[in-house]
Amino acid sequence: MSDDLDADARLVAGKPAPSERTRLTPTIVVDAAIAFIDERGLAELTMRRLGQELGVEAMALYRHVVGREELLDAIVVRVMAEMEDDDDVPAEPDAGWQDFLHRLAHGVRRVALRHPKVFPLVVSRPPEAPWLRPPLRDLRWVEVFLNSLLEEGFDRERTVAAYRAFTSFLLGHLLLEVSAMGADVGPLDVLEDDSDPPRSALAPYPRVEEMRGDLSEDHSAPEFDESLENLLDRIARLRSEQ
């Protein structure tokens, strides 16, 4: 009888009985953390708040992740693993190295745009090999990248140069894109302000004032493609110089 009363009391208080609670696993915890950040941002994530989302005490999470730092690392691994399920991202250059890099870049971009508030973690978390460059420093994808270019006729020096150029392009463009979508990227974060600056502020810059409308338009998608094509041309020149 007392057990029934205790269960009824929990239900009245809005807390499910133990049999009705979610059975946690590391995957469930990590997926819940990603969903939490997607909705509320990284700064809001604490173990206590995540526990509340899952209907458990924060201490229950520590059976599945050692702590918040390990959780953040697991989040990075999880979101980057989404590219493995992306049919448009090849595991090898079956249609040439340019097609391979083109599709790989768009795969990373899809991850960034799907999880803009998570993506800065991909840039900032210390990887297993800290000398790798973000955002493509997941060891699996770096391996795929290096092997693919070597198989396509790049020597070691040009392969490394291509990796550096490729990651620099992705990092710069995608951080700007996720920042515009509300991600906290630290010094790169920009507050949105719908008001026009006073005309006196633009007076010393007549070309900026003249082209203010054009400059304020969003051309993120075509700019990404154009910059990517320029990058691939640059890498092609690297290969021809060897």
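This report walks through a predicted model of one protein chain, from its overall fold down to a few side-chain pairs.

## The overall picture

Let's start with the fold. The protein chain has 13 helices and zero strands, so if you read from the N terminus on, you meet one α element after another. The chain is 242 residues long, and 37% of those residues count as buried.

How does the chain meet itself? Take the contacts with a separation of 6 or more: 65% of them are between residues 24 or more positions apart. As for the outside, the accessible surface comes to about 14,400 Å², and 51% of that belongs to carbon and sulfur atoms.

## A helix with two sides

Helix α3, residues 47–54, is a nice place to zoom in. M47, L50, G51 and L54 are its buried residues. They sit on the same side of α3, because they cover an arc of only 105° around the axis. A bit of background helps here: an α-helix has 3.6 residues a turn, so residues three or four places apart point the same way.

What do the buried residues of α3 pack against? Their partners are α2 (26–40), α4 (58–61) and α5 (68–81). Turn to the other side of α3 and you find Q52 and E53, which are exposed. Just after the helix comes G55, with a positive phi of about 75°.

## The nonpolar core

In soluble globular proteins, nonpolar side chains tend to be buried together. Here, the largest nonpolar core has 62 residues, and the ones that touch the most other members are L50, L71, I75, L101, L104, F145 and F166. Helix α9 (residues 156–180) gives this core its largest share, nine residues. L50 is also one of the buried residues of α3 that we just met.

Which residues does L104 touch, leaving aside those up to four places away in sequence? The list is M83, V89, L136, W141, F145 and F166. Two of these names, F145 and F166, also appear among the core residues that touch the most other members.

## Charged pairs

Side chains of opposite charge can pair when their charged atoms come close. How many salt bridges turn up in the whole structure? A search finds eleven.

One of them joins the side chains of E44 and R49, at 3.2 Å from N to O. E44 counts as partly exposed because its relative accessibility is 32%, and R49, at 23%, is partly exposed too. Another salt bridge is formed by E84 and R140, whose closest N and O atoms are 3.7 Å apart. This pair links distant parts of the chain: E84 is in the loop between α5 and α6 (97–114), R140 is in helix α8 (residues 139–151), and 56 residues separate them. E84 is partly exposed, with a relative accessible area of 46%, and R140 is partly exposed at 36%.

Then there is the pair of R109 and E177, whose side chains meet at 2.8 Å, N to O. R109 lies in helix α6 and E177 in helix α9, so this salt bridge ties together parts that are 68 residues apart in sequence. Are these two residues buried or exposed? R109 is buried, and so is E177. Finally, D94, D99 and R103 are joined into one network by salt bridges that share partners.

Definitions and conventions
Residues numbered from 1 in each chain as written. Predicted model: local features only at pLDDT ≥ 70, side-chain atom pairs only at ≥ 80, totals over all residues. Heavy atoms only, no water. Helix = DSSP H or I, 4+ residues; strand = E, 2+ residues; numbered from the N terminus. Buried < 20%, exposed > 50% of the residue type's maximum accessible area, 1.4 Å probe, protein only. Contact = heavy atoms within 4.5 Å. Areas by Shrake-Rupley, 256 points an atom, 1.4 Å probe, with all protein chains shown as cover. Arc of directions from axis to C-beta. Core = buried A, V, L, I, M, F, W, Y, C linked by side-chain atoms within 4.5 Å. Salt bridge = Lys/Arg side-chain N within 4 Å of Asp/Glu carboxyl O.
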